[in-house]
Structure formats: C-alpha cells, structure tokens
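Dear colleague,

I am passing on a structure that you have not worked with before, and below it you will find my notes on its charged side chains. Please have the model open while you read.

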Amino acid sequence: MPLSLTLSPQTNFTPSTMEEEQRSLLLSTASRFPLPQGFKPSYGTAGFRAEASLLPSTLYRMGILGALRALKTQSVIGIMITASHNQVSDNGVKIVDPTGGMLSQDWEPFADSLANAPTADCLIQLISDKIERCGEKKVEVLVGRDTRPSGPSLLEATKLGIGSIIGAVAIDVGILTTPQLHWMVRASNCSTRAAEFDYFEQLSMSFRCLMDLIPGGGESIEGFHKLVVDGANGVGGEKLLVLKEMLNLKGLELEVRNTGSGGGVLNEGVGADFVQKEKVVPSGFGSQDVGIRCASLDGDADRFVYFIVPSKNSDKIELVDGDKILSLFAIFIKEQLSILMKKTNGAGNDYQCRIGVVQTAYANGASTDYLKQLGLEVVLTPTGVKHLHEKAAQYDIGIYFEANGHGTVLFSEPFLHWLEAKNDELSSGAQDPEQRNAALRLLAVSKLINQAIGDAISGILLVEAILRHMKWSIHRWSELYHDLPSKQLKVKVVDRTAVVTANAETEVVKPPGLQEAINAETAKYSKGRCFIRPSGTEDVIRVYAEASTQDEANTLANSVANLADKFLGLGGGSKS
C-alpha cells in the first residue's frame, strides 16, 4: 500500500509552554545518549560516518537537527542512515534538505557543534539558540536506512531525537537507497506523490517512453539485451530486484548478483567503489561474463560504474567510469537539443538553452578534452558533490559526474516549462515528427534521472536507453576516448591548512613558491598535469598526476610529492 506523506495540521504553542516542555523533554532523552569518551565526530562531504557502536549519540542529535531544520524551513526534511561504500561495521547519517539535496552548507557548523556537545546542558543551549528562530507548525522528518545490521538501533536513536523537538514528527519510511529518500523528500515538498511505489513507477514509465522512441524499434546487435549488475550486497541490489519484478522493463534482460541474500558481506570485494579503485572483477563475476555488459552499484546505490571482463585468464576489468557516463549523457542530450533547436521553415527557436558540463580536477584530462571537442562548456569545481551540484544548477541543463560514478543531470524550471510548451506546439499541426520525438526524449530524461542527487538505479536505466538508441555496444562506448595514465599519492604533513588552493583546487596559492615548483616539474612531461590539495579530514596532502605514459605519471606524482614534503611535510618523505 503506497505510503501517504502529507503534512500534519498546524499546531500552536505559547512561548512559555514551549520553553518549559521543550527543556524537560530534551533533558529526559539527552541523558540516554552521552557522547562517547574521546569520540570527535566530524561532518564530512555529506554527513557523519564512523564505527556503528560510536554513533547512537550522533544519530540522536542529527534527529534533533533534522527536526529543527524542518521547523526552520516549514518543509519535509530527510535523514538517511547509511555509510555508503564503507565496511559493514560502519554506519553514518546524511541530512536531506527540502529540495532533495544535501544539507545547506551554512548548517554544517551547527551539525558539528551539535554532534560534539560534551554535556546535555551544552546540547540544550545549542538547541535553544537555534529553536528560537524556528517556526511552530507541525512538520515531518522522513527517516530511511540501508540494510546494515546496526540500522534498526540507530533508527530508534534518530526517531527519539526527532521526537524530542516539540512540533516535529518522525516518519519511518523503511529500508531505502539513499537516492530514493532524496527523491521522496523532494516530491513531498513539491506536493506530488512521494511513496516508494511512485518512485519506481516514474522510473519505469520514463524508461519505457525512451525505449518506445528509439528509431527503428531499438533493434541492435546480438546479446545487447543482457545486463549483469553487482548489487554490492546492499540495498541497491535488493531494490533492483523489486523493480525487475514489479515493473516491466521493456527490452532489458536484467540479472542482479550480490544482492545480500546469498550470504555475501556488504561492500566486501564488491560494489562500485571496489571496482573503480581496484579495477578487478567483483565477487560473483568471472570468465562466464567475458564480453557482457556489467555494472556495479555502491553500498547505498548513489553511484555506479560499468565494466567489461575482457579475458577469461585474468581478473582485471576494463572500467567505464563516471567520466564516460557523463560523456554518454552529454552526447545524447546535445544531440536531442540540436534536433529540437534546428530551424524550421526559416524560423529559429525562442529559447537559448545553456548546457554545461561540471567536473572536478580529478576528472581524467582525456575526458575533459573530449567534452570540449564536442563543443560543450566544461567547468571545474572544488572536490565534493555539493560543489558540483551547486554549479550544475546554474545551467538550463547541467550535467555533472565524478570519476567514481556519482553524478546526475539537472534541468532548470524555466527550460522545462519551455520544453513542455514546445512539445505541445509540436504536437499540433504538420510539425517535424523528429523534433517532437526529441522534445519527448528530453522530457523523459528529466523524469527518469534523479535530479535531487546521483542515483545508480535511475542512472543505469538512462545508460541502457541511450546505448540502445545509439545502437552502441559497451565496447563502442568505452572507446570514446582513452584515459591518460594517472597516479594518486598522499603526503603526511604537520598542518594541512598550510596549503591554500584556488581555481577549483588546481593551483596552490600558499605556501609561496610551491606552485611554481610544481609547474616546472610538470613541464618536463608530455601531456603532464599535476595538482595538490589538502585532505578534508586528515593531515595529508593529496597529489594527482597525469602524463602520456604510466611511468611518467608515477615519476611526476613522486616528484611533486617530494616537493610537497619539502615545503610542508614531516621531513621524512612519508608518502603513500
């Protein structure tokens, strides 16, 4: 039965009653969740992660934060209990804002302060400072979790935190992928149907629309229909099976392995993070998969990569990473826009669509060059999905991906309104049917892709529809360009904050002289490119280098690592 996600009726509180009842309620619950001695949780790119036994106090407090954020925005907020691609003994929490995106960056310091409050009194003081600026209408916080065994107990801590703020109600939406929860929060705040069934239905209908619009009915090479997916022994594999059974995925033969039901361990020798970093077949894959299209999800299904098993005699794979997923999406969308915008009867179009591709400095230089050769605007942002998403939202169509397979496509509201009107116009009279089909394809993409966050399930469906449309095998896709050899190292330093970077982390501003030294070293190598950046969580400097050969990339990385150690390091050349 579909879950109803409607806001509760308005409830009013007098300030004096709120203050007395609120303090009493918080005191009664906060004492149950003391901060573990020596534990200093730190808000990362998307939330907190740690060994699960350390997290009850953090989850309780993030429940409070979610409730305060819901009251402040007068909107539905989401809390996802997951540690993504971390080992199964870890867990974590991500906060979902009303748009379906990540927690607003200006609330991150408050999240850190709340998680690290040493006593109940300190916690209550932090909350009272924030709650004074919040609204008073009853609001809802949706709480989802992945399949980790620590999830149920952390769920209870989260719900207790939410319930400790008067006016907030916790809604347990069960086991979900992270992108599903983001989608549900976004849909709830748009006053549209927001249950899990609605998510699957929207994906299925959009996928079928794209398949129906394939020229020539989508006939393709023999064996094209088969896709084998590694579910990382996590929630993504479980949900793919639900989608396969529940909805007719026309023209796609889907086999899901590592669903977690066969005794496999979450993220252990499986999953997108393992496949992308190690470049070897995940558990359950081998010689029987030579030449077959394969994909791998990560633990909470917010990223994915494709791969090919090229040989029966090796466990090495041919990786098709996030850069090539981005390139595939960009090619298709640019093609449909070109068809839609072509002049008809001497007339042009009244909308100047701005399409942008957003990457970080970690994107392989060959992918950036390829995208620029297509005539696309390519911009770089600092590392982190929140930076990519924010920049992509500035375009009519913004496409972003990291090499690890996390990314999505964003469509602006003005462009979608124009596209819907254009589709209506093309539906009437003697109009070019191919232009109408292009409009329908772009509308279907906007509904199939999860615009709230990277989503492995919706992303895989879009890849499959585009490959069928282009009549491309995975081999043809993989050959779009050849990655430049690269090498990553990290150097231990006394203080990572001594390094200040600019231009999307590609240039060192401080300490003086270091960037000039890096430039001089990089200039020695054909197609050389190198940058350094401070880690966000530990006192190390990360080094990335590219060159025309692997030996040169390795040498460049080591040379720049030695420079970083000379300027900033511990003096022992400690690098890994």
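**Salt bridges in the model**

Lys-159 forms a salt bridge with Glu-156, and the closest N and O atoms of this pair are 3.6 Å apart. Please keep in mind that this is a predicted model. Both residues belong to helix 5, which covers residues 151-163, and they sit three residues apart, or about one turn of the helix. Lys-159 has a relative accessible area of 28% and is therefore partly exposed, and Glu-156, with a value of 46%, is partly exposed as well.

This pair belongs to a wider set, since the structure holds 25 salt bridges. Another of them joins Arg-69 to Asp-97, where the closest N and O atoms are 2.8 Å apart. Arg-69 lies in helix 2 (residues 56-73), whereas Asp-97 lies in the loop between strand 3 (90-96) and helix 3 (108-116), so this salt bridge ties together parts that are 28 residues apart in sequence. As for accessibility, Arg-69 and Asp-97 are both buried.

A further salt bridge is found between Glu-255 and Lys-226, with 3.4 Å between the closest N and O atoms. Because Glu-255 is in strand 7 (residues 253-257) and Lys-226 is in strand 6 (residues 226-230), the pair ties together parts that lie 29 residues apart in sequence. The relative accessibility of Glu-255 is 26%, so this residue counts as partly exposed, and Lys-226, at 22%, also counts as partly exposed, given that buried means under 20% relative accessible area. Which residues are linked with Lys-226 and Glu-255 in a network of salt bridges? They are Arg-257 and Asp-289, so that, when you look at this region, the four residues are best viewed together as one network.

Finally, I looked at Asp-551, which is found in helix 18 (residues 550-568). With a relative accessible area of 58%, Asp-551 is exposed. The C-alpha atoms of Asp-551 and Lys-487 are separated by 9.5 Å, and the two residues are 64 residues apart along the chain.

As general background, side chains of opposite charge can pair when their charged atoms come close.

With best regards

Note on methods:
Residues are numbered from 1 along each chain as its sequence is written. This is a predicted model: local features need pLDDT of at least 70, side-chain atom pairs count only at pLDDT 80 or more; totals for chains, interfaces and linings use all residues. Side-chain values use heavy atoms; hydrogens and water are left out. A salt bridge is a side-chain nitrogen of Lys or Arg within 4 Å of a carboxyl oxygen of Asp or Glu. Helices (H or I, at least four residues) and strands (E, at least two) are DSSP runs, numbered from the N terminus. Buried means under 20% relative accessible area, exposed over 50%, partly exposed in between (1.4 Å probe, protein chains only).
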